[in-house]
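Me: Hi! I have a model open and could use some company while I go through it. Shall we chat it over?

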Amino acid sequence: MADPEIKSYAPHHESRSAAVTESRPAQAVLMAIVFAFLGIFLLLPLIIVFHEALAKGVGAYTQSLSDADTRSAIRLTLLVAAISVPLNIVFGISAAWAIAKFEFKGKAFLTTLIDLPFSVSPVISGLVYVLLFGAQGLLGGWLKAHGIVILFAVPGIVLATVFVTFPFVARELIPLMQEQGNGDEEAALSLGANGWQTFWYVTLPNVKWGLLYGVLLCNARAMGEFGAVSVVSGHIRGLTNTMPLHVEILYNEYNAVGAFAVASLLAGLALVTLVLKTLLEMRYGAEIAATRGH
Amino acid sequence: MEVRVANVRKEFDRFPALHDVSLDIKSGELIALLGPSGSGKTTLLRLIAGLELPTRGNIFFGDEDASNKSIQERNVGFVFQHYALFRHMTVADNIGFGLKVRHGPSRPPAQEIRRRASELLDLVQLSGLEKRYPAQLSGGQRQRVALARAMAIEPKVLLLDEPFGALDAQVRRELRRWLREIHDATGHTTVFVTHDQEEALELADRVVVMSQGRIEQVGTADDIYDTPNSPFVYGFIGESSSLPVKVENGEIWLADRPIGLAAPHEPSGEAMLYFRPHDVELLDGCSGCIAGTVAASRRVAGTRRVELEIGGERQRVEIELPVDHPAAQKSRVAFRPGRWKLFPDA
């Protein structure tokens, strides 16, 4: 999964003078190091995932994917993503709007707060929910009295996922909206548009590619999250196991084909995300260049 | 539509951007707000538009107090400094936007909106560019689209923020004349902000000169240029030279001798004498004149600008001479200002 902190930028093709170009052998060594590193740490594991998944043939592969518990894990993962991604879209747009377009006290603090999930270990964020909603937790008694189940059930998993993924959309939009400023919105208002029309016809189209990019990363993380979800899920087969958790269970039961079959789906998701992300960057990069040319 | 700004004060974070500003704009008038950056001219424009609300004071549209009305309710056409065209919309959609977002019966059908957009494009001389995107237009074309978009909502007042600021000199001059023609044709009450005095004096019916959040002077180009009412306006509009003088019994003295100018109504004491470098009368002898040694002389377009050292080394003033005037060759020049004004020492 792409690490959010390491943002890839479009390569700059700048003509370099001969004086600053390394000698041929040096170039070869540097490139060999990079390729060897990527090969060992990225490509090889990816190949092994698919190799192990298909070790006993395609039949065993499809059979393990049609297992009832596996299907339920896939459904749960899709459900969690389907809830947490829209929530984060709403939150991300609101936060980015507030930070980029208004001046208020505590703005810097809010910006830092949005980055919190990146700096906190996912296990801790899961644990926080246990301490809050667990039987011995702060709200545990009240929740039990009202018959509300959060922990070891879908709501807990969604909460943990939302927490871990909420920076993605916001962080993508904030710099974009800040750069674009208020000019277009003021123009729309002066032409008689109300707030909603301004948002719908002007603000949203201006940030749509950035938004899509954020949603993509958010979705990838929502489906792949392990740590936080693991703490709050309770690992109940067929009920509260998401795909990453299910991979672990199958693997611990020495069901290599089953584990790697599910893992191959997650790896496939990562690859699709990567391709879409690259396509978006090409598109989105052109968009940004066009705005700058204004 | 008449616009009246009455005793408006505007503060940003307790820092005053406008102090007690009052201004009457007549219906159909073309007004320039002119001043250096930080003079409050853009703030005043945004207050009239409703993009900002006054801290104190009122803004009237006709007889109606619009002070607390939102920008949507004021129905003003605003042209932004950097145009703020919607980059994902075509030119026609940009112009039609203000009609499209209307509600109920006031919203024209799509076809009517398209027809209006084409009409306005004709008016701004960009027919046939309906399907272009803003990124495919030149700066001057974007400016015209921005104006067409603002006029599409049939505004009561047209407000333009530095309308030609981002264009090169050639296009500026062309658009300036064109804006005047559009104004005369449509008769909108128009207010524009500029820091370019040439633009303001040439284009506007009346010019409002602003400095440090205050209005310094309001008047026609002739008023402003010929009878500036403050040292700031003298210095800001056109070229000016100044000298510290003394008034005694209605006579103006420079150091220890009179310079032949009478100021019967001025109180005695220290003052600054302001005049235009080109508006001077050259003299041969010097009994009652300003005389100085030529310190520098440079050719500026059709004239020669001469820097004179007056009374020792301290005071320097500039005057303009015809290029072939013999005085330009001399080392000593005597003159007397034609039109001049005294301001008491601050």
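Me: Let's dive in at a strand pair. In S17(B), which residue is the bridge partner of B:Ser297?
Reply: Happy to help! The bridge partner of B:Ser297 in S17(B) is B:Val306. Keep in mind that this is a predicted model.

Me: Noted. How do S16(B) and S17 pair, and over how many bridges?
Reply: S16(B) and strand S17, residues 303–310 of chain B, are antiparallel, with 8 bridges.

Me: And the hairpin those two make, how many residues sit between the strands?
Reply: There are 2 residues between S16(B) and S17(B) in that hairpin, and B:Ala301 takes a positive phi near 50° there.

Me: What about S16 with S19 in chain B, in what sense do they pair?
Reply: Strand S16 (residues 290–300) of chain B pairs with strand S19 (residues 332–337) of chain B in the antiparallel sense, over 4 bridges. One bridge joins B:Ala291 to B:Ala334 in S19(B).

Me: OK, on to sheets. What's the strand order in the open sheet of 6 strands in chain B?
Reply: The order is S6-S7-S8-S3-S9-S10 in chain B, and the pairing is mixed.

Me: Why is one side of S6 and of S10 left without a neighbour in that sheet?
Reply: Strand S6 (76–79) and strand S10 (214–219) of chain B stand at the edges with a single partner strand each, so one side of each has no neighbour in the sheet. As for twist, neighbouring strands in this sheet are turned by 15° against each other on average, direction ignored.

Me: So how does S6(B) pair with S7, parallel or antiparallel?
Reply: S6(B) and strand S7 (residues 157–161) of chain B are parallel, with 4 bridges. Among the bridged residues are B:Val79 and its partner in S7(B), B:Leu160.

Me: Which helix lies across S6 and S7 of chain B?
Reply: That's helix H5 (residues 139–152) of chain B, which runs at about 165° to S6(B).

Me: While we're on H5(B), at roughly what angle does its axis cross that of H4?
Reply: The axes of H5(B) and helix H4 (residues 110–123) of chain B cross at roughly 130° and come within 9 Å. The two helices are therefore oblique to each other. Their crossing is right-handed.

Me: Which residues of H4(B) and H5(B) meet?
Reply: From H4(B) you have B:Arg116, B:Leu120, B:Leu121 and B:Leu123, and they meet B:Ala148, B:Met151 and B:Ala152 in H5(B). By class, this contact of H4(B) with H5(B) has 6 nonpolar residues, no polar ones and 1 charged.

Me: Back to sheets for a second. What's the order in the open sheet of 5 strands in chain B?
Reply: S13-S12-S11-S14-S20 in chain B, with antiparallel pairing. The edge strands, which pair on one side only, are strand S13 (257–262) and strand S20 (340–344) of chain B. Neighbouring strands here are turned by 40° against each other on average, again ignoring direction.

Me: And over how many bridges do S14 and S20(B) pair?
Reply: Strand S14 (residues 269–275) of chain B and S20(B) share 5 bridges in the antiparallel sense. One of those pairs B:Ala271 with B:Pro344 in S20(B).

Me: Time for the other chain. How many residues does each chain give to the contact between A and B?
Reply: Chain A gives 18 residues and chain B gives 19 residues. On the chain A side, helix H9 (183–190), helix H10 (195–224) and helix H13 (256–292) of chain A each give two or more residues. H9(A) gives the most, with 6 residues. The chain A side divides into 7 nonpolar, 9 polar and 2 charged residues.

Me: How do H9(A) and H10(A) sit, what's the crossing angle?
Reply: Their axes cross at roughly 160° and come within 10 Å. That makes H9(A) roughly antiparallel to H10(A). The crossing of H9(A) and H10(A) is right-handed.

Me: Which residues meet between H9(A) and H10(A)?
Reply: A:Asp184, A:Glu185, A:Ala188 and A:Leu189 in H9(A) meet A:Thr198, A:Tyr201, A:Val202, A:Thr203 and A:Asn206 in H10(A). That contact has 4 nonpolar, 3 polar and 2 charged residues.

Me: Last one: what's the mean pLDDT of chain A?
Reply: The mean is 86, with 90% of the residues of chain A at 70 or more. The pLDDT is below 50 over residues 1–14 of chain A, and also below 50 over residues 290–294 of chain A. Where pLDDT is low, the predicted coordinates should not be read in detail.

Definitions and conventions. Residues numbered from 1 in each chain as written. Chains lettered and ligands numbered in written order. Predicted model: local features only at pLDDT ≥ 70, side-chain atom pairs only at ≥ 80, totals over all residues. Contact = placed C-beta atoms within 7 Å. Nonpolar A, V, L, I, M, F, W, Y, C, P; charged D, E, K, R; others polar. Pairing = 2+ DSSP bridges. Axes fitted to C-alpha atoms, helices over the stretch in contact; angles between N-to-C directions. Parallel < 35°, antiparallel > 145°, perpendicular 65-115°, else oblique. Left-handed = near helix turned anticlockwise from the far one by under 90°. pLDDT = per-residue confidence, 0-100.
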